[in-house]
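User: Hi, I've got a protein model open and I'm new to this. Can you walk me through it?

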Amino acid sequence: MATGKHSLPVKNVLADIRKELDAHLGERIRVKANRGRNKVVERQGILEQTYNNIFVVKLDQESDSFRRVSYSYSDVLTESVEVLVRCQHGESRVHTSNR
């Protein structure tokens with residue numbers, strides 16, 4: 001299992017990301033996914049469900065032809081995917097580590 005200096009094992013960090021997302025089930029989120037070559041896809045919807053390795057977002061119908069998309073927690077960890085949760089003061093980012 002990969003670990004870095006002063007960091008938790010990756011498995012624990014992925015579990016922490018899932019726990020943080022679990023706290024926002026049913027809430028509106030915005031997801032920015034880096035698709036390479038300077039292409040970023042941004043989608044909005046409701047955080048519908050979390051599973052062992054992925055989380056599912058039910059997309060706003062007007063903005064996308066897909067109804068649901070899924071992303072992995074490792075994508076959040078590597079910052080290929082950024083998850084922003086709506087809150088009282090705007091948006092807050094789902095943390096990728098214990099900084």
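Analyst: Sure, here is a short tour, from the overall fold down to one residue. Keep in mind that this is a predicted model.

User: How many helices and strands are there in the protein?

Analyst: The protein has two helices and six strands. Going from the N terminus, the order is α-β-β-β-β-α-β-β.

User: OK, and what order do the strands take in the sheet?

Analyst: The order is β4-β3-β2-β1-β5-β6. The sheet is open, and its pairing is antiparallel.

User: Which are the edge strands?

Analyst: They are β4 (68-72) and β6 (90-93). Each of these pairs on one side only. As for twist, neighbouring strands in this sheet are turned by 40° against each other on average, direction ignored.

User: What holds paired strands together in general?

Analyst: Strands of a sheet pair through backbone hydrogen bonds.

User: How many bridges do β1 and β5 pair over?

Analyst: Five bridges, in the antiparallel sense. β1 covers residues 28-34, and β5 covers residues 81-87. In β5, V81 stands opposite A33.

User: Where does helix α1 pack?

Analyst: α1 (residues 10-22) packs on the sheet. The helix touches β2 (40-50), β3 (54-59), β5 and β6. Its direction makes about 80° with that of β2.

User: New topic. Which residues have the most contacts inside the largest nonpolar core?

Analyst: L21, F55, V57, Y71 and V83. That core has 18 residues. Elements that each supply at least two of its residues are α1, β1, β3, β4, α2 (73-77) and β5.

User: What does F55 touch, leaving out residues up to four places away in sequence?

Analyst: Its contacts include L21, L47, V69, Y71, V76 and V83. T50 is another residue that F55 touches.

User: Tell me about T50. Is that one buried or exposed?

Analyst: T50 is buried, because its relative accessible area is 4%, and buried means under 20%. T50 lies in strand β2.

User: Which side chain makes a polar contact with that of T50?

Analyst: The side chain of D22 does, at 2.3 Å. Leaving out residues up to four places away in sequence, T50 touches R18, L21, D22, L25, F55 and Y73.

User: Last one: what share of the protein's residues is buried?

Analyst: Of the 99 residues, 28% are buried. The accessible surface comes to about 6,800 Å², and 46% of that belongs to carbon and sulfur atoms.

Note on methods:
Residues are numbered from 1 along each chain as its sequence is written. This is a predicted model: local features need pLDDT of at least 70, side-chain atom pairs count only at pLDDT 80 or more; totals for chains, interfaces and linings use all residues. Side-chain values use heavy atoms; hydrogens and water are left out. Two strands pair if DSSP finds at least two bridges between them. Helices (H or I, at least four residues) and strands (E, at least two) are DSSP runs, numbered from the N terminus. Axes are lines fitted to C-alpha atoms, for helices over the stretch in contact, and angles run from 0 to 180 degrees between N-to-C directions. Contact means heavy atoms within 4.5 Å. A nonpolar core is a set of buried Ala, Val, Leu, Ile, Met, Phe, Trp, Tyr and Cys residues joined through side-chain atoms within 4.5 Å. Buried means under 20% relative accessible area, exposed over 50%, partly exposed in between (1.4 Å probe, protein chains only). Accessible areas come from the Shrake-Rupley method with a 1.4 Å probe; for residues, only the protein chains shown count as cover. A polar contact is a pair of N or O atoms within 3.5 Å; within protein, one must be able to donate a hydrogen and the other to accept it, and residues adjacent in sequence count only if both atoms are side-chain atoms.
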